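User: I have a chain here and want to go through its fold step by step. Please keep the answers short.

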Amino acid sequence: NMREVNSAMQSVFISASRHHGNTDYRVPTMRQSLISAFDMLVLTAQRLNWNAVTLDRLRREAFERMEIAFTISDLRESWAVSVDDLIEARKRLFEGRHEKIVERARALIHQQIDQPEGSLPVSIAEIASNLEVSEGHLSRTFKKITGVSFERYVVDKRIDRARHLLLDPSSRVAQVAEKCDFCNPAYFAKVFRRVVGCSPTDFSKHPSLYDLSRTLTQASERSNSAVAS
């Protein structure tokens, strides 16, 4: 909760002013306390594997701001700006980390679904364990970055593979269902119809027709979403 983090970090200045006194002649001692406090924040960030170059820059800029602050008001402003910069760096770091987690999760999903001999079962527990994150964290992060749930993404990828297999005239629906890790042909047909808009049999007979229909539907959904936003 970055709002709570920001509030806690800003309270450091309040604690320092209570300890040293809220008058301008106490600025030098307050400055040293705040510099020490910021140094501790940077050391903590280093232990959490933040980017060292970024931290060195933020530390240098924070110290420079506080060194030229000669009133309580100036010191408060320099601390606030330095804290904001540190929080923004944290946001950028973890947003990038989230995107990397989702990118790796997608690669693992595709790897298991695109097996030549047939799709392997895909579970969020297994993917999360492979990425060394919790299932809840992966689920929330995946939905935030992609806009769809982990489970929906897996189903869509399995149906995409089924569509590709059904382009082969010799493919049978039951065989495709098995290769795409569906428990039985009836369930496969139900999910396929929900995603594609037709039965697997109809798609295999007229794939170009239903691909065009699906493309138009997706375009319409994107257009409606853009208007709504």
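## Fold, packing and loops

Analyst: This is a predicted model. Among contacts in the chain between residues at least 6 apart in sequence, 61% join residues at least 24 apart.

User: How many helices and how many strands are in the chain?

Analyst: Read from start to end, the pattern is α-α-α-α-α-α-α-α-α-α-α. No β element appears in that pattern. The count is 11 helices and 0 strands.

User: What percentage of the residues count as buried?

Analyst: The accessible surface of the chain comes to about 14,000 Å². Carbon and sulfur atoms hold 51% of that surface. Buried means under 20% relative accessible area. Of the 229 residues, the share that counts as buried is 34%.

User: Which residues have the most contacts inside the largest nonpolar core?

Analyst: In soluble globular proteins, nonpolar side chains tend to be buried together. The largest nonpolar core here has 26 residues. The elements giving two or more residues to this core are α1 (2–20), α2 (27–47), α3 (52–67) and α4. Its residues with the most contacts inside are Phe38, Met66, Leu75 and Trp79.

User: Which residues does Met66 contact, leaving aside its neighbours within four places in sequence?

Analyst: Met66 is one of the core residues with the most contacts inside the core. Contact here means heavy atoms within 4.5 Å. By that cut-off, the partners of Met66 are Arg31, Leu34, Ile35, Phe38, Leu75, Ser78 and Trp79.

User: Are α2 and α3 roughly parallel or antiparallel to each other?

Analyst: The axes of α2 and α3 come within 10 Å and cross at roughly 175°. Angles over 145 degrees count as roughly antiparallel. On the α2 side, the contact includes Leu34, Ile35, Phe38 and Val42. On the α3 side, it includes Leu55, Leu58, Ala62 and Met66. The two helices are therefore roughly antiparallel.

User: Is Leu58 buried or exposed?

Analyst: Leu58 is found in helix α3. Setting aside neighbours within four places in sequence, Leu58 contacts Phe38, Asp85, Leu86 and Ala89. Its relative accessibility is 4%, so Leu58 counts as buried.

User: How far apart in space are Leu58 and Ser82, C-alpha to C-alpha?

Analyst: Along the sequence, these two residues are 24 apart. In space, the C-alpha separation of Leu58 and Ser82 is 7.3 Å.

User: How many residues of α7 are buried?

Analyst: Helix α7 covers residues 150–166 and reaches 25 Å, close to the 24 Å expected. Its buried residues include the nonpolar Phe150, Val154, Ile159 and Leu165. Asp156, Arg158, Arg161 and Arg163 are also among them. α7 is mostly covered, and the count of buried residues is 12 of its 17.

User: Is α7 roughly parallel or perpendicular to α9?

Analyst: The axes of α7 and helix α9 (residues 185–196) come within 10 Å and cross at roughly 95°. That makes the pair roughly perpendicular.

User: Which residues of α7 and α9 meet?

Analyst: The crossing lies between a helix of residues 150–166 and one of residues 185–196. From α7 come Val155, Asp156, Ile159, Ala162, Arg163 and Leu166. They meet α9 through Phe188, Val191, Phe192, Arg194, Val195 and Val196.

User: Is Gln115 buried or exposed?

Analyst: Gln115 is found in the loop between α4 (72–113) and α5 (124–131). Beyond its neighbours within four places in sequence, Gln115 contacts Leu120 and Arg161. Arg161 is one of the buried residues of α7. At 19% relative accessibility, just under the 20% cut-off, Gln115 counts as buried.

User: What distance separates the C-alpha atoms of Ser123 and Phe150?

Analyst: Ser123 is found in the loop between α4 and α5. With a relative accessible area of 30%, Ser123 is partly exposed. Phe150 is a buried residue of α7. The two are 27 residues apart along the chain, and their C-alpha atoms are separated by 9.4 Å.

User: What value is phi of Glu132 near?

Analyst: Most residues other than glycine have a negative phi. Glu132 has a positive one. Its place is in the loop between α5 and α6 (135–146), and at 73% relative accessibility Glu132 counts as exposed. Phi of Glu132 is near 60°.

User: What value is phi of Asp181 near?

Analyst: Asp181 is found in the loop between α8 (173–179) and α9. Asp181 is partly exposed, at a relative accessible area of 28%. Its phi is positive, in a residue other than glycine, and near 65°.

Definitions and conventions. Residues are numbered from 1 along each chain as its sequence is written. This is a predicted model: local features need pLDDT of at least 70, side-chain atom pairs count only at pLDDT 80 or more; totals for chains, interfaces and linings use all residues. Side-chain values use heavy atoms; hydrogens and water are left out. Helices (H or I, at least four residues) and strands (E, at least two) are DSSP runs, numbered from the N terminus. Buried means under 20% relative accessible area, exposed over 50%, partly exposed in between (1.4 Å probe, protein chains only). Accessible areas come from the Shrake-Rupley method with a 1.4 Å probe; for residues, only the protein chains shown count as cover. The expected span of a helix is 1.5 Å times one less than its number of residues. A nonpolar core is a set of buried Ala, Val, Leu, Ile, Met, Phe, Trp, Tyr and Cys residues joined through side-chain atoms within 4.5 Å. Axes are lines fitted to C-alpha atoms, for helices over the stretch in contact, and angles run from 0 to 180 degrees between N-to-C directions. Angles under 35 degrees count as roughly parallel, over 145 as roughly antiparallel, 65 to 115 as roughly perpendicular and the rest as oblique.
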